[in-house]
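Work through these exercises with the sequence and the 3D view open. Try each task before you read its solution.

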Amino acid sequence: MVENFSLGAQNVFVLVNFSILTLGVVLGIIFGLLPGISGVNGVALLIPFTFTLDPIAGVLLLTGVYCGSTYGGSITSILFNTPGDPQNAPTCFDGYPMAKRGEAGRALGLAITSSGLGGIFGTVVLITVSPLLAKVALKFSPAEFFALALFGLSVISSMDAKSVRKGMLSGLFGLLLATVGIDAISGTERFTFGSKLLISGFSFIPITVGVFALGEIFDLAHTQQEFARVDRKISADLPKLREILALKWTLVRGMTIGTLIGVLPGVGATTAAFMGYAAEVRFSRHPERLGTGVPEGIAAPESANNAAVGASYVPLLTMGIPGSATTAILIGGLLVHGIVPGPLLFVQQKPFVFSIFVGMFMANLLMIIGGILAVRLFVKVLNIPYAFQAAFVIVLCTIGAFAVRNDIADVWIMLIFGVIGFLMKRYDFPLAPLILGVVLGPIAEFSLRRAMLMLDYNIWALFTRPVSGTLIILSILSLLSPGIRWLIALTRKKAKASVAKSENSTP
Amino acid sequence: MPRPYLGEIITCAAYLGLSIFLLFKVEKIPQFGVDASFGPRLWPLIILGLSALISASLFVSHLLTIFRGDARPSSGGMEAWWTLFLSMVTFLLYTAGMQYLGFLVATPLYMAGFMAILGMRRWTYLVMSSIAVTLILNFLFIQFLFIPLPKGVGVFRDISLLFY
């Protein structure tokens with residue numbers, strides 16, 4: 001093991017490879033923070049550039065981009081309430097309110113710290129327990145995947161106890177959007193209405209960018225509210241050790257969830273981020289504060305999504321199964337260089353595998369350093385007139401939406417969802433369940449139908465399996481919990497009233 | 001009818017109407033084979049059924065709220081429907097115009113117009129920043145990342161071809 005690490009380190013610390021890794025991290029942060037470009041598109045765009053590189057250098061470049069982009073999106077999430085990457089969407093919930101209060105530097109410092117710690121944790125897990133994690137993940141059947149998707153949706157939908165119905169409607173709308181197009185199993189068209197555009201379904205990026213970015217800009221144009229301007233002398237406010245220790249359980253939960261989610265094939269950092277945030281809502285002592293700009297709301301998703309990055313390499317390297325959309329593209333990058341991911345990789349190409357391990361560890365360190373430097377630069381963006389910021393962001397979003405399929409139709413879709421996002425914001429419909437519905441919808445449906453095939457169409461079998469049954473019951477309880485709390489409060493109120501009445505009636 | 005709730009009622013009613021409309025469309029989705037009951041109709045049926053129920057429930061709740069006369073707290077800040085309308089129309093024109101004017105011509109026009117709508121009155125900054133940003137984005141996305149943004153038609157296409 002030590003010898004393999006030594007070989008890996010030798011490969012990574014060659015000047016050319018280390019420079020390429022650094023370039024990858026910087027590009028990743030840039031890709032991540034640009035709305036609509038995202039780490040996935042960044043990796044896909046850079047794969048052709050790796051043709052001329054050595055295999056190790058090529059993979060280090062792509063790994064650097066992946067690591068950097070997972071953090072980079074949090075910058076725009078915090079500064080503009082626009083997730084640069086879908087996996088940074090939950091960071092908007094508390095990051096942006098914190099920035100509006102004039103604490104952007106603190107929010108950014110929390111993001112980089114949580115991201116760095118999460119990334120390092122994910123890498124350590126990848127290195128030390130990847131074989132074990134892979135075995136656990138492979139035991140999950142479609143029933144468990146369905147239950148996991150349902151659980152994620154139900155928790156996010158029930159986050160706002162005052163409007164669970166609105167949260168559910170938002171999530172259901174997202175699930176509905178995900179059904180448009182061609183059914184993956186039967187190949188039949190659903191809700192296409194004969195439109196060529198709708199046959200390919202709705203792309204996630206125009207919806208996300210439209211709902212979050214355009215919706216926010218339209219809302220600010222409507223209310224003409226100005227957020228608190230940041231002191232020009234602000235600098236990145238890295239959290240003190242005391243503050244990090246105060247967040248230790250949040251970080252541990254986030255990193256653990258991120259790792260467990262990341263190792264599941266096909267689920268990815270976006271789900272990890274939402275699940276990390278949902279877990280914080282569930283286990284926080286003050287869940288009502290989440291969404292108002294608290295450190296936990298940043299630490300949870302950022303530690304989760306970066307932990308998921310390292311963990312997503314587990315199924316990729318050990319089984320050749322992508323752990324996320326980005327790793328699915330990475331498989332293409334590996335195959336180009338004649339490297340076939342799978343269990344034989346650990347036997348035949350150990351130096352290569354350990355180069356990835358060391359490279360990922362270094363990428364997270366470089367991300368922390370680069371993030372600190374980038375934060376100092378991008379905090380200054382807040383001093384730029386908002387009119388310019390808004391116009392610039394919209395043009396970037398337009399480019400990002402167009403770049404998905406090189407089709408102007410996606411820009412129109414972004415506009416439509418911008419209007420929808422504005423209306424949802426105005427009438428207090430939460431945005432997160434919609435996005436999660438779009439992401440988890442295909443996973444949930446596909447898993448459910450496959451599970452039914454495997455369980456001979458006995459839907460009750462979903463409840464008898466320990467993992468899926470537990471998750472489904474927790475999902476139901478999560479959605480009913482506001483009602484249950486209301487009933488308990490009503491019962492207590494009536495009990496107090498009857499006690500007071502009997503006390504008053506006694507002479 | 002209290003103004004703050006009108007939009008919510010319309011939204012709930014619209015979603016209810018959409019759910020019911022699509023429920024009728026679900027029946028037209030082809031379904032065959034042994035697992036016909038768990039085919040492509042099942043998932044949309046579940047989603048639309050729940051959507052119709054919940055949106056109807058919300059719709060009724062809002063109606064009851066109106067009858068009770070409950071008022072919604074003010075959201076604060078000055079509402080500028082006109083600015084909002086112009087913002088949306090401007091972006092619509094930008095998207096429509098980009099196909100004919102090309103990215104390089106449409107973008108600075110849009111940015112300048114949108115910044116003016118949002119209240120910027122530093123005209124030199126407005127014009128120069130719009131042009132500068134467009135050129136930078138041209139270099140970064142079109143020439144470096146090879147994203148084939150629209151070139152436009154006619155003379156506008158010729159202008160675009162000068163740059164890429």
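**Exercise 1.** Find how the axes of helix α2 (residues 15–33) of chain A and helix α4 (residues 55–80) of chain A cross, and describe their contact.

*Solution.*
Step 1. Keep in mind that this is a predicted model. Take the two axes. They come within 5 Å and cross at roughly 30°.
Step 2. Name the arrangement. Angles under 35 degrees count as roughly parallel. Therefore α2(A) is roughly parallel to α4(A).
Step 3. Give the hand. The crossing of α2(A) and α4(A) is right-handed.
Step 4. Sort the residues of this contact. There are 21 nonpolar and twelve polar residues, and no charged ones.

**Exercise 2.** Describe the make-up of chain B: which pattern does it follow along the sequence?

*Solution.*
Step 1. Count the elements. Chain B has six helices and zero strands.
Step 2. Read along the sequence. The pattern is α-α-α-α-α-α.
Step 3. Check burial. Chain B has 164 residues, and 31% of them count as buried.
Step 4. Look at the contacts in chain B with a separation of 6 or more. Of these, 65% join residues 24 or more positions apart.

**Exercise 3.** Work out how many residues each chain brings to the contact between chain A and chain B.

*Solution.*
Step 1. Count by chain. Chain B brings 52 residues and chain A brings 44 residues.
Step 2. Stay on the chain B side. The elements that give two or more residues to it are α1 (3–26), α2 (42–68), α3 (81–101), α4 (103–117) and α5 (123–144) of chain B.
Step 3. Pick the top contributor. α3(B) gives the most, with ten residues.
Step 4. Sort the chain B side by type. It holds 33 nonpolar, 15 polar and four charged residues.

**Exercise 4.** Decide whether F91(B) is buried or exposed, and find its contacts outside its neighbours within four places in sequence.

*Solution.*
Step 1. Place the residue. F91(B) lies in helix α3 of chain B.
Step 2. Count its surroundings. F91(B) has 24 C-beta neighbours inside 10 Å. The cut-off for buried is 20 or more. So F91(B) counts as buried.
Step 3. List the contacts. Leaving aside neighbours within four places in sequence, F91(B) is in contact with I394(A) and L415(A).
Step 4. Compare sequence with space. F91(B) and F114(B) are 23 residues apart in sequence. Their C-alpha atoms are 8.2 Å apart.

Notes:
Residues are numbered from 1 along each chain as its sequence is written. Chains are lettered from A and ligands numbered from 1 in the order in which they are written. This is a predicted model: local features need pLDDT of at least 70, side-chain atom pairs count only at pLDDT 80 or more; totals for chains, interfaces and linings use all residues. Two residues are in contact if their C-beta atoms, placed from the backbone, lie within 7 Å. Helices (H or I, at least four residues) and strands (E, at least two) are DSSP runs, numbered from the N terminus. Ala, Val, Leu, Ile, Met, Phe, Trp, Tyr, Cys and Pro count as nonpolar, Asp, Glu, Lys and Arg as charged, and the others, Gly among them, as polar. Axes are lines fitted to C-alpha atoms, for helices over the stretch in contact, and angles run from 0 to 180 degrees between N-to-C directions. Angles under 35 degrees count as roughly parallel, over 145 as roughly antiparallel, 65 to 115 as roughly perpendicular and the rest as oblique. A crossing is left-handed if the near helix is turned anticlockwise from the far one by less than a right angle, and right-handed if clockwise. A residue is buried if 20 or more other C-beta atoms lie within 10 Å of its own, exposed if 12 or fewer, and partly exposed in between; C-beta atoms are placed from the backbone.
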